[in-house]
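Take the sequence and the coordinates below and follow one chain from a single loop residue to the sheet, the cores and the charged pairs.

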Amino acid sequence: MNALNPLYFLKKFLVALCLFPFAIAFGSSTSTVNQDLKPTRAAISTADPIATAVGMKVLAEGGNAFDAAVAITSTLAVVEPAGSGLGGGGFFLLYLAETDEYRFVDAREIAPKAAYRDMYLDDQGKPIPRASVDGPLAAGIPGIPAGLVYLNNQFGSMPLSDLLAPAIEFAENGFSIGSRAIRGLNFRTNAILRSSAMSEVFLPDGEVPEEGTVIFQPALAKTLKRFSNQGLDGFYKGETASLLVNGVRAAGGIWTLDDLADYEVIERQPLVAKYKNMRVISAPLPSSGGIVISQILDFLSAYNLEELTEAQRIHYEVEAMRRAYRDRALYLGDDDFSEIPLDKLLDKRYLAEQRASFKLDQASSSINLFSEDDQRAEGNQTTHFSVLDSRGNRVAATITVNTWYGSAFMAPETGVILNNEMDDFSIKPGVPNDFGLVGGRANEVVPGKRPLSSMSPSFLESDRGIAILGTPGGSRIITMVLRSALHWYQGGSAEEMVNLKRYHHQYLPDRIEYELGSISKEAQAELLGMGHQLSLARRPFGNMNVVTWDYSNGKVTAASDSRGEGEGRVY
């Protein structure tokens with residue numbers, strides 16, 4: 001892959017030079033953690049109580065946070081199939097206490113070698129309905145299995161086979177399906193029925209099962225056993241690889257054995273931003289999360305948000321969101337393939353210009369933010385978990401198959417539900433994806449390229465302590481993490497962070513989407529008077545999982561979003 005090309009390393013060096021001024025402005029790559037401090041407890045918060053219990057058992061047996069992450073991820077692949085799985089990808093943000101360093105493991109999916117820019121357009125250049133969402137043509141090459149092997153080899157202390165054993169057990173012996181998974185099945189029933197292997201498991205007799213029904217996945221258990229016994233080759237080569245490719249191609253997909261064999265994890269430098277005396281360590285490209293969060297925090301850092309009225313604060317936050325998401329749409333993509341103007345986007349002068357371009361009492365128009373130069377640029381699905389071990393190691397991991405049950409396609413005899421991450425590419429400039437996000441040429445489809453993501457696993461650090469957080473939610477992930485970070489800065493607890501009422505703006509469509517109860521009636525009236533458009537969300541969004549460690553009293557807390565079915569536990 002291009003990661004082995006000498007030009008790749010030269011390019012990354014030049015990008016690092018571009019980021020140097022940003023690193024000074026927003027914080028260095030070393031932590032603010034007192035190395036003499038160790039947490040009094042370990043803690044885990046995941047989207048499923050089974051996965052939390054599995055992670056806790058690993059810690060109790062002497063494993064570290066990275067061992068727990070492998071066990072949790074593989075277990076979620078079995079018991080939370082609506083949002084994660086071996087057929088997906090993800091990001092793992094790590095803190096290594098012994099060496100006091102951050103690491104970022106990119107296990108994002110990549111476009112197959114046969115992919116091309118206009119593959120989802122018809123002869124008239126119009127998007128083919130659902131082509132990038134349903135079925136195997138929508139699937140990128142999975143990264144989760146490679147990510148688990150990488151975590152285990154580089155940072156783990158226990159055998160991979162031991163860590164995968166719980167996942168195998170739940171695949172063979174079954175698990176009781178919950179209400180969130182049922183909602184996803186109802187939403188994707190028609191697409192799932194087109195995949196006989198998948199409907200046989202999740203839609204017995206062609207019907208959505210009742211909550212509490214035990215789901216058995218014998219084919220997935222066999223795949224996990226090959227992976228457990230053979231490691232990387234047990235998924236990306238041999239029998240599993242052949243079954244995946246044959247199943248994909250028989251159903252109209254374009255995967256090859258070389259696509260799987262050539263997949264590689266990439267380690268990247270996390271982005272480090274600063275908001276007053278709080279540092280935010282988050283995801284770099286191909287995630288847009290770290291950059292967008294950094295831009296918004298810089299915008300807001302000039303103001304004392306605590307002194308503003310509710311409507312003023314929301315107005316300021318929304319105008320910051322609007323401008324940062326605009327830059328996401330126009331400029332961001334996989335920087336291994338596209339030249340991304342990071343030096344401009346993270347430059348203090350440019351960010352000051354962004355701040356100067358809005359009115360204190362009037363909404364901006366997203367369309368009017370375009371300039372002549374810009375024209376050249378043309379869910380709750382996903383899952384997150386947070387881990388802190390007693391040594392001080394941390395993991396913030398966001399993993400996904402993209403939308404509910406990914407592409408709704410299971411390769412026969414594998415039990416693997418394939419992602420639909422190809423929809424995260426810009427299939428045509430200005431055409432929104434399934435989350436309403438638009439993009440440009442920097443995020444167009446290219447063989448071997450990683451699609452732009454919003455996943456934002458993050459650490460917060462200050463004199464107060466640390467927080468480990470992240471959430472699913474598609475395009476809303478970034479603003480959920482942002483608002484929880486601001487709440488933690490103001491003294492909020494882990495429980496308050498996960499249950500914070502949420503609102504969101506993503507540049508286009510030009511509206512504030514808000515949860516019931518997140519904006520008072522009085523503030524709504526003021527925002528409407530400023531010219532903002534408001535849209536009440538049809539359902540709550542997000543499923544955040546947070547772990548915090550308070551330096552002053554040593555207290556460790558784990559909290560899971562009440563919108564979901566997860567669990568936070570302290571060991």
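Does P429 count as buried, partly exposed or exposed? The model is a predicted one, and in it P429 has a relative accessibility of 39%. Burial requires a value under 20% and exposure a value over 50%, so P429 counts as partly exposed. This proline sits in the loop between strand 10 (394-400) and strand 11. The chain returns to P429 within that stretch: the C-alpha atom of G439, 10 residues apart from P429 along the chain, is separated from that of P429 by 5.8 Å.

Before going further, consider how far the model can be trusted. The mean pLDDT of the protein chain is 92, and 92% of its residues reach 70 or more. Two stretches stay under 50. One is residues 1-29, for which the model has 51 contacts beyond four places in sequence. The other is residues 371-379, with 18 such contacts. Where pLDDT is low, the predicted coordinates should not be read in detail.

The loop that holds P429 leads into strand 11, and strand 11 belongs to an open sheet of six strands. The order of the strands is 7-8-11-12-16-17, and the pairing is antiparallel. Strand 7 (271-275) and strand 17 (556-560) stand at the edges; each has a single partner strand, so one side of each is left without a neighbour in the sheet. From one strand to the next the twist averages 15°.

Strand 11 (residues 458-462) pairs with strand 8 (residues 278-282) in the antiparallel sense over three bridges, and V280 has L460 as its bridge partner in strand 11. Strand 12 (residues 465-469) also runs antiparallel to strand 11, and five bridges join the two. Here the bridge partner of F459 is I468. The connection between strand 11 and strand 12 is a hairpin through two residues.

Which residues of strand 11 are buried on each of its faces? S458, L460 and S462 are buried on one side, and F459 and E461 are buried on the other, leaving both faces covered. That amounts to five of the five residues of the strand.

At one edge of the sheet, strand 17 pairs with strand 16 (residues 545-550) in the antiparallel sense over five bridges. One bridge partner in strand 17 is A559, opposite V546. The hairpin of strand 16 and strand 17 has five residues between the strands, and G554 takes a positive phi near 75° in it. Four of the five residues of strand 17 are buried, so this edge strand is largely enclosed by the rest of the structure.

At the other edge, helix 12 (residues 289-300) lies across strand 7 and strand 8, running at about 15° to strand 7. L300, in this helix, touches Y275, L305, Y316, E317, A320 and L486, not counting residues up to four places away in sequence.

L300 also has a place in the largest nonpolar core, which has 85 residues. The members that touch the most other members are I296, L300, L332, F459, L460 and I519. Helix 13 (residues 310-331) gives the largest share of this core, 11 residues. A second, separate core of 82 residues includes I72, I110, I144 and L418.

The charged side chains come next. The structure holds 32 salt bridges. In one of them, the side chains of R188 and D134 meet at 2.5 Å, N to O. R188 is in helix 6 (residues 179-193) and D134 is in the loop between strand 3 (101-107) and helix 4 (144-155), so that the pair links parts of the chain 54 residues apart. Both residues are buried.Another salt bridge brings together the side chains of D298 and R355 (3.2 Å, N to O). D298 is in helix 12 and R355 in helix 15 (residues 348-356), 57 residues apart. D298 counts as buried at 3% relative accessibility, and R355 counts as buried at 19%, since burial means under 20%.

R326 and D327 also meet through their side chains in a salt bridge (2.7 Å, N to O). R326 is buried, with a relative accessible area of 7%, and D327 is buried as well, with 1%. Elsewhere, salt bridges that share partners join D106, R268, D336 and R450 into one network.

Technical notes
Residues are numbered from 1 along each chain as its sequence is written. This is a predicted model: local features need pLDDT of at least 70, side-chain atom pairs count only at pLDDT 80 or more; totals for chains, interfaces and linings use all residues. Side-chain values use heavy atoms; hydrogens and water are left out. A nonpolar core is a set of buried Ala, Val, Leu, Ile, Met, Phe, Trp, Tyr and Cys residues joined through side-chain atoms within 4.5 Å. Buried means under 20% relative accessible area, exposed over 50%, partly exposed in between (1.4 Å probe, protein chains only). Contact means heavy atoms within 4.5 Å. Two strands pair if DSSP finds at least two bridges between them. Axes are lines fitted to C-alpha atoms, for helices over the stretch in contact, and angles run from 0 to 180 degrees between N-to-C directions. pLDDT is the predictor's confidence in each residue, from 0 to 100. A salt bridge is a side-chain nitrogen of Lys or Arg within 4 Å of a carboxyl oxygen of Asp or Glu.
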